[in-house]
Structure formats: C-alpha cells, structure tokens
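Me: I'd like a close look at one part of this model, please. Pick a single spot, tell me what surrounds it, and then follow the chain from there to whatever it leads to.

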Amino acid sequence: LGFHGRGSDGAEFQNYTGLPELPAITVFPDGIAEDGKRSWQGAPYASGADDVRFVADLLDSLEDDLCIDLNRVFATGKSNGGGMVSVLACQLRDRFSAFATIAGAYYPQSFDGCDYSE
C-alpha cells in the first residue's frame, strides 16, 4: 500500500514511485479531502476520518478478493503519507510485514496507539 502526502492523491503518488513496475499487487488509496487537500490520519489538518479502520477494511477486501501472501504486505508513504504509515505501524502492526516512510511528517497523533512494551 502506498500513501500520498497532503494535497496529493493515490494516482500521483503511484506515478512517481515506480512501485507498479514490481511483480506485486500495488494499491494507492486516496485520503479524505479537508479544506480541498487530501490527507491522512495522524496530522492535525486531517479530516477526522478513521483512516486506520479504512485501511483494515481495505486489507480485508484485498485479502478476500486477491491471492495475497500475508507475509509480504507492506506500507510506504511520503510526507503526511509517511505519518500515516507511522500510525499504521502503531495500530495495525500485525497486518504488515514492513513499513517505509519517505520524508515523513510526524505529529504527536502519529504515534497514537504505540505501545512497544507488548
């Protein structure tokens, strides 16, 4: 899964990542627009949507419809999308194999749900 930065969208992020060239299923969802700019949970300017729930539901749907190797599910994101990846690493870490951020925009909300004592 690839998460765009604030003001961008999944198609734009997809176009410059090169990820669709890989022999893999790639998915680039769109965040909800707030003040005309799309963004993701974990930032103070986010829409307030439960993007973690959205991603969990998206993963469920992809796993139901496609042949997914559950040991090879990855998340990457740039800027606000990188912050969203941090949120996912905290709240859905059992659903992903690895996380990668690019120039991540991190805010205190980016680490909600992180409990590394488990």
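Reply: Happy to! Let's start at Tyr106, which sits in the segment after β5 (helices, H or I with at least four residues, and strands, E with at least two, are DSSP runs numbered from the N terminus). Residues are numbered from 1 along each chain as its sequence is written, and side-chain values use heavy atoms, with hydrogens and water left out. Do keep in mind that this is a predicted model, where local features need pLDDT of at least 70, side-chain atom pairs count only at pLDDT 80 or more, and totals for chains, interfaces and linings use all residues.

Tyr106 has 39% relative accessibility, so it counts as partly exposed (buried is under 20% relative accessible area, exposed over 50%, partly exposed in between, with a 1.4 Å probe and protein chains only). Setting aside neighbours within four places in sequence, Tyr106 makes contact with Gly82, Gly83, Ser86, Thr101 and Phe111 (contact means heavy atoms within 4.5 Å). As for Gly48, it is 58 residues from Tyr106 in sequence and 16 Å away in space, C-alpha to C-alpha.

The segment after β5 also holds one end of a disulfide. Cys114 is joined to Cys90 with an S to S distance of 1.5 Å (a disulfide is a pair of cysteine sulfur atoms within 2.5 Å). This pair links distant parts of the chain, 24 residues apart: Cys90 lies in helix α3 (residues 80-91), and Cys114 in the segment after β5 (98-102). Cys90 is buried at 4% relative accessibility, while Cys114 is partly exposed at 25%. By this rule the count is one disulfide. Cys67, for its part, is exposed at 76% relative accessibility.

From α3 we can move on to α2, since α3 is among the elements, with β1 (2-3) and β3 (37-39), that cover the buried residues of α2. Those buried residues are Asp51, Val52, Val55, Ala56, Leu58, Leu59 and Leu62. They sit on the same side of α2 because they cover an arc of only 160 degrees around the axis (taken from the directions from the helix axis to the C-beta atoms). An α-helix has 3.6 residues a turn, so residues three or four places apart point the same way. On the other side of α2, Arg53, Asp64 and Asp65 are exposed.

The helix length agrees too: the 15 residues of α2 (residues 51-65), at 1.5 Å a residue, should span 21 Å, and its end C-alpha atoms are 21 Å apart (the expected span is 1.5 Å times one less than the number of residues).
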